[in-house]
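Me: I have a structure open and would like to go through it by question and answer. Please reason briefly and finish each reply on the value or name I ask for.

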Amino acid sequence: MHLAVVGLSHRTAPVEVRERLSIPEHHLETSLQSLRSHEQVLETSILSTCNRLEIYSLLRHPEDGVEAIRDFLANHSGLADPDLQPHLFALHHEEAIQHLLRVSAGLDSLVLGEGQILSQVKKMYRLGQDHKSIGPILNRLLNQAVSTGKRVRSETNLGSGAVSISSAAVELAQLKVGQEQGVDDLVSLSQEKVAVVGAGRMARLLLQHLQSKGARSITVVNRTVSKAEALAKDFPDLVITCCGLDQLDAQLAANTLLFTSTGADEPIIDRQRLDAITRQARLMLVDIGVPRNISSDAADVSGTLSYDVDDLQEVVERNVAARQELAQQAEVLLDEDRQAFLDWWDGLEAVPTINRMRQQFEEIRKQELLKALSRMGSDLSQREKQVVEALTKGLINKILHGPTTALRAPQPRQQRLDSMAAAQRLFDLPGDDSERDRSDAN
């Protein structure tokens with residue numbers, strides 16, 4: 001069996017490719033079922049965010065399993081092989097483990113130390129459990145990834161400050177407004193008329209950062225106005241006006257800065273829509289949705305500036321140098337947690353021997369218990385029989401605890417193999433007729 005991750009990210013693919021691979025949450029169950037239906041895929045989980053689509057899997061065979069996942073991605077995206085394959089990456093076993101830990105810690109994010117990615121890894125873990133697409137191996141790995149993400153944020157300062165896609169989007173707007181004013185720096189947004197389209201988690205983060213950067217009056221546009229109003233109540237110091245998507249054209253005409261972050265599968269703003277609107281001032285559009293909420297042709301409209309998630313790199317590069325030392329501290333923690341998982345994985349090699357040992361001892365226990373109970377006669381109460389059986393089980397568990405712990409403990413592989421051979425000789429264990437699957441391990 002083999003661990004692997006196949007996918008793409010902001011490092012390997014532009015947004016126009018990433019949006020074709022994006023899998024909305026309501027499609028995740030069918031996607032997981034489709035992957036698990038392939039004989040090569042034993043366990044699988046999907047991480048789909050605005051900056052990455054990654055499939056973590058336990059495979060029977062590395063090459064055949066990766067090919068099966070590539071085929072799934074090609075079918076899902078509808079992209080021709082030459083348009084998709086150059087953007088995909090595949091990492092195996094130790095590299096796949098290290099990659100997941102780096103992702104969870106925010107070390108592979110566009111914004112170094114991003115906090116939201118940990119929540120997305122937690123969601124991947126929960127959905128894998130809910131849809132029964134993960135088993136003992138990925139369960140252990142994803143649990144380790146979540147723990148590592150938390151540990152990095154608690155033991156280093158990598159997660160402090162403005163470290164999210166939303167914060168980078170607001171800083172990009174600040175930078176571009178400043179450049180319009182002739183300064184290459186982040187300026188206050190107090191003079192901008194601001195609108196946010198969407199009322200989800202990303203929109204909430206946008207409001208938080210807009211408030212901290214000087215915005216005081218914001219319009220929230222959302223399909224469900226009541227959801228926008230509920231969000232507005234959490235920002236009593238902001239003057240927030242709420243309206244439905246039917247008022248989007250009016251907001252495009254009235255505002256100078258508009259952010260979009262919705263779950264729409266298709267762009268809701270394009271050149272045709274903008275051409276039909278009469279505006280008196282420059283309009284800056286910042287789209288942090290994937291799939292994109294704003295069509296690429298919006299930038300062709302006179303007086304309109306349009307940016308998407310790939311444009312955030314300009315802001316990110318201004319901050320990355322200051323965070324590199326913190327990232328190096330985090331990498332040390334990742335090395336420790338990666339080795340802890342690998343030690344556990346290596347210990348699975350001893351599971352078939354441990355199982356045979358337990359089976360043999362259990363057979364002996366049952367035989368000897370039957371003999372003892374028959375000698376005691378029929379006047380033994382049910383409770384007394386249960387006490388005697390519990391005693392025998394306790395003895396077996398105590399006897400096997402030492403050998404089991406020794407076989408599973410971190411050690412050189414040859415030392416483990418020698419111990420397994422010794423156990424087989426000492427306890428005269430029966431041979432293993434068929435290769436035991438590691439995923440049977442608890």
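Me: Is Asp-428 buried or exposed?
Reply: This is a predicted model. Asp-428 is found in the segment after helix H16 (413-426), and its phi is positive at about 50 degrees although it is not a glycine. The cut-off for exposed is over 50% relative accessible area. Asp-428 has 63% relative accessibility, so it counts as exposed.

Me: Where is Lys-132, which has a phi near 55 degrees?
Reply: The phi of Lys-132 is a positive value in a residue other than glycine. At 68% relative accessibility, Lys-132 counts as exposed. Its place is in the loop between H6 and helix H7 (136-155).

Me: What is the strand order in the open sheet of six strands?
Reply: The pairing in this sheet is parallel. Strand E7 (239-243) and strand E10 (304-307) stand at the edges with a single partner strand each, so one side of each has no neighbour in the sheet. From one strand to the next the twist averages 20 degrees. The order is E7-E6-E5-E8-E9-E10.

Me: Which residue in E7 is the bridge partner of Val-220?
Reply: Strand E6 (residues 217-221) pairs with E7 in the parallel sense over five bridges. Helix H10 (residues 225-232) packs on the sheet and touches E6 and E7, with its direction at about 170 degrees to that of E7. The partner of Val-220 in E7 is Cys-242.

Me: Which residues of strand E5 are buried on the side opposite Val-194 and Val-196?
Reply: In a regular strand, side chains alternate between the two faces of the sheet. Strand E5 (residues 194-197) is covered on both faces, with Val-194 and Val-196 buried on one side. On the other side the buried residues are Ala-195 and Val-197.

Me: Which residue in E6 stands opposite Val-197?
Reply: E5 and E6 pair in the parallel sense, over four bridges. Opposite Val-197 in E6 stands Val-221.

Me: At what angle to E9 does helix H8 run?
Reply: Helix H8 (residues 165-180) lies across strand E8 (257-260), strand E9 (283-287) and E10. The angle between H8 and E9 is about 155 degrees.

Me: What is omega for the cis peptide bond between Val-290 and Pro-291?
Reply: Pro-291 is found in the loop between E9 and E10. The bond joining Val-290 to Pro-291 is cis, with omega about 5 degrees.

Me: How many residues apart are Lys-123 and Glu-25, which form a salt bridge?
Reply: The side chains of Lys-123 and Glu-25 meet at 3.1 Å, N to O. Lys-123 lies in helix H6 (residues 116-130) and Glu-25 in helix H2 (residues 25-36), so the pair links distant parts of the chain. Lys-123 is partly exposed at 36%, and Glu-25 is partly exposed at 42%. Their separation in sequence is 98 residues.

Me: How many residues apart in sequence are the parts tied together by Arg-338 and Glu-94?
Reply: These two residues form a salt bridge with the closest N and O atoms 3.2 Å apart. Arg-338 lies in helix H13 (residues 313-347) and Glu-94 in helix H5 (residues 94-105). Arg-338 is buried at 14% relative accessibility, whereas Glu-94 is partly exposed at 38%. The parts they tie together are apart by 244 residues.

Me: Which residues make the nonpolar surface patch of about 290 Å²?
Reply: Leu-395 is one of them, placed in helix H15 (residues 382-408). At 48% relative accessibility, Leu-395 counts as partly exposed. The patch is made by Leu-391, Leu-395 and Ile-399.

Me: Which residues does Phe-361 touch, leaving out those up to four places away in sequence?
Reply: Phe-361 is found in helix H14 (residues 351-376). At 13% relative accessibility it counts as buried. The residues it touches are Ile-396, Ile-399, Leu-400 and Phe-427.

Technical notes
Residues are numbered from 1 along each chain as its sequence is written. This is a predicted model: local features need pLDDT of at least 70, side-chain atom pairs count only at pLDDT 80 or more; totals for chains, interfaces and linings use all residues. Side-chain values use heavy atoms; hydrogens and water are left out. Patches are made of residues with over 30% relative accessible area and no salt bridge: like charges are joined within 9 Å, nonpolar side chains (Val, Leu, Ile, Met, Phe, Trp, Tyr) within 5 Å. Accessible areas come from the Shrake-Rupley method with a 1.4 Å probe; for residues, only the protein chains shown count as cover. A salt bridge is a side-chain nitrogen of Lys or Arg within 4 Å of a carboxyl oxygen of Asp or Glu. Helices (H or I, at least four residues) and strands (E, at least two) are DSSP runs, numbered from the N terminus. Buried means under 20% relative accessible area, exposed over 50%, partly exposed in between (1.4 Å probe, protein chains only). Two strands pair if DSSP finds at least two bridges between them. Axes are lines fitted to C-alpha atoms, for helices over the stretch in contact, and angles run from 0 to 180 degrees between N-to-C directions. Contact means heavy atoms within 4.5 Å.
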